[in-house]
Amino acid sequence: MSSFNKIYRKRWLQARLAHEENGTRSFPFHSDKKMAIRDPIGFLLVFLRFFLKITGLLAIGRRQAKKIDLNVNKINSSKIGIKPLRILQLSDLHLDEGNIDLELLVWKIKEAGSYHFAVITGDILTGWTSDQTILKRVSSVINMLKPEYETLFVLGNHDSYQCVEPLEKMGVKVLTNQIYELAAQDFSCGIQFIGTDDPHYFFTADAVKIMQEAQDHFYKVALVHTPELYEVASSNGIDLYLCGHTHAGQFALPGGYAPLKRVYKGKRFYKGAWNFKKMNGHTSSGLGTSAINARFFTTAEITLHEVTSGSKSS
Ligand SMILES: [Fe+2]
């Protein structure tokens with residue numbers, strides 16, 4: 001597995017470097033393939049920020065953005081035996097923006113209890129920085145996580161290739177179109193985590209190939225920044241698909257429906273637990289904020305996924 005992963009890492013780095021150095025992106029799921037790097041709702045955000053400020057709603061949205069829920073997602077799988085598999089998911093921390101109440105986060109992580117794996121599904125930063133204060137903040141969050149086995153990370157559309165080395169020095173296993181495998185010992189089958197690069201801006205064919213490399217006798221967990229690879233994952237027998245990116249819309253209407261879902265494909269999977277054919281999925285509402293530090297009718301979350309062989313509920 002290690003030599004196999006080395007080949008994929010090398011190919012990933014070449015593709016990522018080319019995109020980041022040339023300022024290009026790959027938009028396989030956008031109808032306008034020639035779209036330049038720009039935020040399609042950028043002008044709306046300028047107007048929205050101004051509106052929220054003058055109406056006083058910004059302060060309300062900022063208070064809402066500080067809240068964190070611990071959500072438990074119960075999943076059934078015939079592959080898992082008596083001992084349940086517990087995975088704690090964090091996503092979209094945007095730690096350079098400094099908007100998360102880190103003391104509250106510590107308590108929420110402790111409230112989750114014990115778990116076998118911690119996974120972070122991208123956007124740990126909004127933009128790469130070598131600022132030591134921010135990197136210490138990243139390190140402090142990584143140190144909050146106490147999985148029995150490993151902390152795994154996949155890159156988001158905001159993450160640079162430059163974050164991989166510092167995260168690996170902090171003890172995190174970064175999956176860049178790669179597979180992490182735990183042989184069958186505690187569970188009735190082995191576990192494979194298939195981690196891709198972000199498919200929203202940085203899609204390559206290796207994100208599909210790596211799904212094809214995973215083996216069916218393992219319980220297969222895909223870690224992808226966005227839900228946009230759900231069809232590829234399902235057709236390759238992925239059991240559980242964990243992603244984020246959308247912030248559950250960040251600005252939703254009363255009742256929680258968000259008009260802007262921030263994905264090009266799989267818009268119906270923009271938040272919470274979902275199913276596609278035999279595959280379970282979960283799109284985290286994330287922890288941080290982007291563009292405007294506020295949330296309306298959405299709440300930041302960490303999610304404890306508990307996979308058991310029992311009857312299904314969520
Ligand atoms: Fe993202």
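Reader: Which residues point one way from β7, and which point the other way?
Author: This is a predicted model. The residues of β7 are split between two directions, and all are buried. Gln192 and Ile194 point one way, and the other way point Ile191, Phe193 and Gly195.

Reader: How many residues of β7 are buried?
Author: Strand β7 spans residues 191-195. The strand is mostly covered. The count of buried residues is 5 of 5.

Reader: In which sense do β6 and β7 pair, parallel or antiparallel?
Author: Strands of a sheet pair through backbone hydrogen bonds, in one of two senses. Between β6 and β7 there are 5 bridges. One of the bridges has leucine 182 with isoleucine 191 of β7 as its partner. The sense of the β6 and β7 pairing is antiparallel.

Reader: What is the bridge partner of phenylalanine 193 in β8?
Author: Strand β8 covers residues 219-223. β7 and β8 run parallel and are joined by 5 bridges. In β8, phenylalanine 193 is partnered by valine 221.

Reader: Which residues touch the most other members of the largest nonpolar core?
Author: The largest nonpolar core holds 71 residues. Phe193 of β7 is buried. The residues that touch the most other members are Phe193, Ala222, Leu223 and Tyr241.

Reader: What does tyrosine 241 touch?
Author: Residues up to four places away in sequence are not counted here. Ala222, itself among the core residues that touch the most other members, is one of the contacts. The full list for tyrosine 241 is Ala222, Val224, Tyr230, Ala233, Met279 and Gly281.

Reader: Where do the buried residues of α7 lie around the axis?
Author: The buried residues are Ala207, Ile210 and Met211. Seen down the axis of α7, they fall within an arc of 105°. They pack against α1, β6, β7, β8 and α8. The arc is narrow enough that they line one face of the helix.

Reader: Why are the buried residues of α1 on the same side?
Author: An α-helix has 3.6 residues a turn, so residues three or four places apart point the same way. In α1, the buried residues are Tyr8, Trp12, Ala15 and Arg16. They sit on the same side of α1 because they cover an arc of only 100°.

Reader: What covers the buried residues of α1?
Author: The other side of α1 has exposed residues, including Ser2, Gln14 and Asn22. For the buried residues, the cover includes β6 (178-182) and α7 (206-213).

Reader: Is lysine 6 buried or exposed?
Author: Lysine 6 is found in helix α1. A residue is exposed if 12 or fewer other C-beta atoms lie within 10 Å of its own. Lysine 6 has 11 C-beta neighbours inside 10 Å, so it counts as exposed.

Reader: Which strands stand at the edges of the open sheet?
Author: The sheet has 6 strands in the order β1-β12-β2-β3-β4-β5, with mixed pairing. An edge strand here has a single partner, so one side is left without a neighbour in the sheet. The strands at the edges are β1 (68-76) and β5 (173-174).

Reader: What is the bridge partner of valine 119 in β4?
Author: Strand β3 takes in residues 117-120, and β4 takes in residues 150-153. They pair in the parallel sense over 4 bridges. In β4, the partner of valine 119 is leucine 152.

Notes. Residues numbered from 1 in each chain as written. Predicted model: local features only at pLDDT ≥ 70, side-chain atom pairs only at ≥ 80, totals over all residues. Buried ≥ 20, exposed ≤ 12 C-beta atoms within 10 Å, placed from the backbone. Arc of directions from axis to C-beta. Contact = placed C-beta atoms within 7 Å. Pairing = 2+ DSSP bridges. Core = buried A, V, L, I, M, F, W, Y, C linked by C-beta atoms within 7 Å.
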